[in-house]
Amino acid sequence: MRDVEMCRHLLGVKAPWDVSQVRMDVQSRQIHVYLTMGRSWFGRYLPDQTRSRWRHTNLGSCQTFIHATLPDDISDQDRKVAFLGESGNEFSHGLASRVVDCLQAGMSYRQVCELMGIDVHLAWQIRLAISEGTLPGVAADVSQRLKAEAPGVARVTQIPPGNDPVWHNMLSSERPMEVRMLSLRLLLTRCRQEFGQLRGEDARRLKINEIRRFFIKHEKQLAAEIEQLARFRDDASGRAES
Amino acid sequence: MTVDSAGRLVDLGEARALIEAGATLSVAGDAELLAQLPKGNWIGGSTPYFMADDGGTCRNDRLFVHRFDLGEGTIQRYDRDSLPSLLVDAPENGFTLLILPAGSGVLEDYAHHAPTYHDMFLKPVAGWVSGVRVDRLGQDAALVVDGRSGEQLAQEAIALHLALPADMTAMVHAISLFEPGDGAEIEFPATGFSATDCLIDGRPGNLREYMAAAGIDQRLPLVADYCGAMVNVSIQGVDEGAQRVAFYAPVFEGVRYRFAKPVVDYPERFLEAMPSEPGTLLFGCNCILNYLYSELEGRRTAGLTGPITFGEVAYQLLNQTAVYVTLEPA
């Protein structure tokens, strides 16, 4: 209870939200915080909820992740609190705001990412949000400076960004993939079964985030599978309904 | 072929000594023998069947012990309410070993809903379903044991969550020798442990009637192809009156199944299927139906040892499958 109480205060969680569970992963120095809105996160049977997972600002030297399900009827005001994020994004409003503050204070994007421990995948997503103007309070000169800054971090990984059509096409296709890991075979099968039935772009983005997170976690072991992703880039079969 | 396995068959004295020395263990054995073990950092499950170094065996005077030299880990019990948070409790980089008692509500829930649990497939989970001697089915209860207290539980699952160093990763593998046969493609209208009506090659029909007409051997499982992974669902029995077929694991709505082709000479085929250098084995188990139908008593399975189980967990519940976990560079 003490952990839950402390996290509630540190993160500024207020009603209707509450902290349901906190887990500290000592090995990876990560804190995972599970939020609820009036009912328990885990019950005997959970229908397949679309759950978001956002990287938030660090607590001490620990990376902090917030897990929550955004209800459809949430008000704009409740949706914009710092510890939440957009349902399809992987960063919280609070983290985005801190990144923008640092950039506006004159730091380079690379410095900001290093300071906050933001990996290349998340760095790409935040950078895209800034350049597309979807983050509030970004001064024009910051956006320009970011465009001028060398791509750097975003080029290190072979895993396509979340908005690359390969993910959508892979999940809406029945085209076989040569997959060696049992976990990816099972995950890909389940994601493909569910993907076509998902309503709304947010739900599809969450499913893409889930499988993309698997690729990020196992990037070193999935060289052959990552190479195959490119085959889905020009596969238009899955894009008709998006 | 030699396999570097962390597990072996031991007597009560040796198991006691390991526990008293503070080892982190998973222990399989007869329930009466498990009850004689001291309290410690271990989890257990009931089964008197094992794949030992010298082959399959059924013994009530031996225990199969997997020892984990990866730190203490965290032992956690799960009831039907807490089971969906199984992998929330698991470390970001680690391995969870889960034991569920046969015939329990937690097993039913896991079988139905595990694929939708938070972080499923992202964090490695393997394990097994505990049971009893087949001649005691319906009389004795399958149990799991919380070694910290020695409590034997018939309606809860027990898990050992182990964190791994950042440079190591756990890989869960499943070996099924069954392949889809040439018979009809079968789809079920709902997820469940039994079925009557279904689609048979796209046409409405009754599964029991199809099995009778096609001369299906009930020892052969239904097989589904999950992107190259063969997932089996074994036949538990047929209720002729109710025209209903019962399964040991649920069939899932939206998945296409076929009855398997027969497997001739299981140990020989298993040897072919097992990698020649599987690496460091953390855990292994094989199915009681493979033990019985393929007559594995006294026969070896490519050096893969472990408990003989009443259902296998490689992320989701599987049947007639051997499961093993290796430790590999991240």
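Reader: What makes domain 1 of chain B and domain 2 of chain B count as being in contact?

Author: Twelve residues of domain 1 of chain B touch 14 residues of domain 2 of chain B. Contact means heavy atoms within 4.5 Å, so these residues pass the test. A word on ground rules: this is a predicted model, where local features need pLDDT of at least 70 and side-chain atom pairs count only at pLDDT 80 or more, while totals for chains, interfaces and linings use all residues. Residues are numbered from 1 along each chain as its sequence is written, chains are lettered from A and ligands numbered from 1 in the order in which they are written, and side-chain values use heavy atoms, with hydrogens and water left out.

Reader: How do you know where the domains of chain B begin and end?

Author: The bounds come from an automatic or database domain assignment. For chain B it gives domain 1 as 7-175 + 265-329 and domain 2 as 186-259. Their C-alpha centres are 27 Å apart.

Reader: And what area is called buried between domain 1 of chain B and domain 2 of chain B?

Author: It's the accessible area (1.4 Å probe) that two parts lose on being put together, summed over both. Here that comes to about 1,100 Å², with 56% from carbon and sulfur atoms. On the domain 1 side, H112(B), Y293(B) and N319(B) supply 43% of the area buried against domain 2 of chain B, more than any other three residues.

Reader: How many salt bridges and polar contacts does the rule find between those two domains of chain B?

Author: A salt bridge needs a side-chain nitrogen of Lys or Arg within 4 Å of a carboxyl oxygen of Asp or Glu, and the count between these domains is zero. A polar contact is a pair of N or O atoms within 3.5 Å; within protein, one must be able to donate a hydrogen and the other to accept it, and residues adjacent in sequence count only if both atoms are side-chain atoms. Seven residue pairs in chain B qualify across the domains (both at pLDDT 80 or more). The domain 1 side splits into six nonpolar residues, five polar and one charged. Ala, Val, Leu, Ile, Met, Phe, Trp, Tyr, Cys and Pro count as nonpolar, Asp, Glu, Lys and Arg as charged, and the others, Gly among them, as polar.

Reader: What about chain A: which pair makes a salt bridge between its domains?

Author: Domain 1 (2-155) and domain 2 (165-238) of chain A have one salt bridge between them. R212(A) and E90(A) have their closest N and O atoms 3.4 Å apart, so the pair meets the cut-off. The side of domain 1 of chain A that touches domain 2 has no nonpolar, six polar and four charged residues. The two domains bury about 1,000 Å² between them, 44% of it on carbon and sulfur atoms.

Reader: Why is R23(A) with E92(B) called a salt bridge?

Author: The closest N and O atoms are 2.5 Å apart, so the pair satisfies the rule. Across the interface of chain A and chain B the rule finds two salt bridges, and 15 residue pairs are in polar contact (both at pLDDT 80 or more). The contact involves 37 residues of chain A and 39 of chain B, and the chains bury about 3,200 Å² between them, 56% of it on carbon and sulfur atoms.

Reader: What does the salt bridge of D164(A) and R233(A) tie together?

Author: The side chains of D164(A) and R233(A) meet at 2.7 Å, N to O. D164(A) is in the loop between α6 (140-148) and α7 (165-172) of chain A and R233(A) is in the segment after α10 (223-229), so the pair links parts that are 69 residues apart in sequence. Helices (H or I, at least four residues) and strands (E, at least two) are DSSP runs, numbered from the N terminus.

Reader: What makes β18 and β22 of chain B a strand pair?

Author: Two strands pair if DSSP finds at least two bridges between them. Three bridges join β18(B) (222-226) to β22(B) (256-259), so the pairing stands. The two run antiparallel, and A224(B) stands opposite Y257(B). They belong to a six-strand open antiparallel sheet, in the order β17-β16-β14-β22-β18-β19 of chain B.
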